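Okay, thanks everyone for squeezing in. I'll put the model up and then just talk through it.

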Amino acid sequence: MLVIKVGGSAGINYDLVCDDIALLVKEGQPIVLVHGGSHETNVLSEKLGKPPRILTSPQGFTSRYTDAETLDIFAMVYAGKMNTRIVERLQKRGVNAVGLSGLDGRLLEGPRKANVRAVVDGRQVLVRDDFTGKVERVNAALLRLLLDHGYTPVVSPPACSTAGEAINVDGDRAAAMIAAALGAKQLIILSNVPGLLRNFPDERTLIPRIAYDELEQALSFAEGRMKKKVLGASEAIAGGVSQVIFGDARIPRPVFHAMNGAGTVIER
Ligand code: ADP
C-alpha cells in the first residue's frame, strides 16, 4: 500500500506524476493519491476579487483564512478543477481513478476549529468565522472498498467536520492520517522542491535523511507551508508508517525515485 501526496505549488508536473502512478498501478501496486491546490486557489481567489489571506499562528504555522466564501473557492479548485483534471489524467492513462473529497462518505473527518488564534501586526487576535480543522478520523473502509475492486482513489480536501460541515484541512497532514489508517509502509510527499533544504532555496543543501527524533530540529529549517509537511511526516511515523519521503514532482518518474530514497527520507 502506497499513499502519495502531490502538492499544489506552481511548477509541479502532474503529467509526470500520473505517468508514474499508471506504471505502478499496472504493476499491481495499490495507490491512494491525495492532492493539493494552493497555487490554483490563490489564482482563482485573485480573479474573483477576493485575494488570499494567510493566518500565522503564535507557533509560526501558516494557514489560509477560510471564511464561507473562501471555502467555496477552495472547493471549486480542490474538489472541482484539480480533482477532475487529475482523475482525467489517470483515466487517459488507463487507471480507473475515483475522485473523492473528504466529505464523501466522511472520508476525512475531524473537529472544526472555528476560533483560530493568529498574530496580526505583532498582536494576537481571535479569528471567529474560520472553516478550518484537523483530520482525526479516516474512513479507511471506504478506501479499501475501492482499492479491493481495482479503483484508484484520488482524494482532496475539504474534509467533513464532526457536525458535517465542509472544512479546510491541510493536505499533507490528511495524507499522513490516510497512510496511518491504511497501514501504508511509505508515504510519498511530492512538491516543487527536491526535499527539505537546510538552506532554502539552495537545492544543494538537500537533507537526505532525518531520524524521527531529529524532526523537531528539522522544523527549524522549514519555512511557511513546509512546516506542515514536517508535522505531517512526524504524525505519519507516530501512526506506524515506516518511511515518509519528500520528493520532487518536477522530474520524470517522481514516485519511483522517491520510493527508492531520492529526496528527504524520514524514518524511525
Ligand atoms: P505543496 O503545495 O506542493 O504541497 P507547499 O507550498 O505547501 O507545497 O510547500 C513547499 C514549499 O515550501 C516549497 O515550494 C518552498 O517554497 C517552501 N519551503 C520553505 N522552507 C523550505 C525548506 N527548508 N525546504 C524546502 N522547501 C521549503
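Quick definition before I get going: when I say two strands pair, I mean that DSSP finds at least two bridges between them. With that in hand, look at S11, residues 159–161, which pairs with S12 in the antiparallel sense over 2 bridges. If you want to find the register, Ala 159 has Ile 167 in S12 as its bridge partner. And yes, this is a predicted model, so keep that in mind throughout.

Those strands belong to an open sheet of 4 strands, in the order S9-S6-S11-S12, with mixed pairing. So which strands stand at the edges? Strand S9 (137–138) and strand S12 (166–167) do, and since each has a single partner strand, one side of each is left without a neighbour in the sheet.

While we're on S11 and its neighbourhood, a word on cysteines. Cys 160 comes out at 3% relative accessibility, so it counts as buried. Cys 18 is buried too, because its relative accessibility is 2%. And how many disulfides does a search of the whole structure find? The answer is 0.

Okay, next, the hairpin. S7 (residues 116–120) and S8 (residues 123–127) pair in the antiparallel sense, with 5 bridges. Val 120 has Arg 123 in S8 as its bridge partner. There are 2 residues between the strands, and Asp 121 takes a positive phi there, near 50°.

Now over to S13, which I'd like to spend a bit more time on. S13 covers residues 186–191, and 6 of its 6 residues are buried. Remember that in a regular strand the side chains alternate between the two faces of the sheet. Here both faces are covered: Gln 186, Ile 188 and Leu 190 are buried on one side, and Leu 187, Ile 189 and Ser 191 are buried on the other.

Who are the partners? S1, residues 2–6, is joined to S13 by 5 bridges, and the two run parallel. Val 6, for instance, has Leu 190 as its bridge partner in S13. S15, residues 243–248, is joined to S13 by 6 bridges, again parallel. There, Ile 188 stands opposite Ile 245 in S15.

Let me stay on Ile 188 for a second. Why do I call Ile 188 buried? Because its relative accessible area is 0%, and the cut-off for buried is under 20%. In space, its C-alpha is 9.4 Å from that of Val 265, although they're 77 residues apart in sequence.

If you leave S1 heading for helix H1 (14–26), you pass through a loop, and Gly 7 is found in that loop. Gly 7 has 3% relative accessibility, so it counts as buried as well. From Gly 7 to Glu 235 you have 228 residues along the chain, with their C-alpha atoms separated by 18 Å.

One more strand residue: His 35, in S2 (residues 31–35). Its relative accessibility is 0%, so His 35 is buried. The side chain of His 35 makes a polar contact with the side chain of Asn 83, at 3.1 Å.

On to helix H5, residues 171–181. How many of its 11 residues are buried? It's 8, so H5 is mostly covered. Among the buried ones are Asp 172, Arg 173 and Ile 178. At the N-terminal end, Asp 170 acts as the cap, with a side-chain oxygen 3.2 Å from the backbone nitrogen of Asp 172. Just after H5, you'll see Gly 183 with a positive phi of about 65°.

Last stop, the ligand. There are 19 residues around it, and the ones that come nearest are Ser 191, Asn 192, Leu 197, Arg 225 and Lys 229. You'll recognise Ser 191 from S13, where it's one of the buried residues. By type, the shell divides into 8 nonpolar, 7 polar and 4 charged residues.

As for polar atoms, a side-chain one of Lys 5 lies 3.3 Å from an oxygen atom of the ligand. Ser 38 also has a polar side-chain atom 3.5 Å from a ligand oxygen. With Glu 223 it's a polar backbone atom, 3.0 Å from a ligand nitrogen. Overall, the protein covers 90% of the 570 Å² of accessible area that the ligand has on its own.

That's my tour, so over to you.

Conventions:
Residues numbered from 1 in each chain as written. Predicted model: local features only at pLDDT ≥ 70, side-chain atom pairs only at ≥ 80, totals over all residues. Heavy atoms only, no water. Disulfide = S-S within 2.5 Å. Buried < 20%, exposed > 50% of the residue type's maximum accessible area, 1.4 Å probe, protein only. Near = heavy atom within 4 Å. Polar contact = N/O pair within 3.5 Å; in protein donor to acceptor, adjacent residues only side chain to side chain. Areas by Shrake-Rupley, 256 points an atom, 1.4 Å probe, with all protein chains shown as cover. Nonpolar A, V, L, I, M, F, W, Y, C, P; charged D, E, K, R; others polar.
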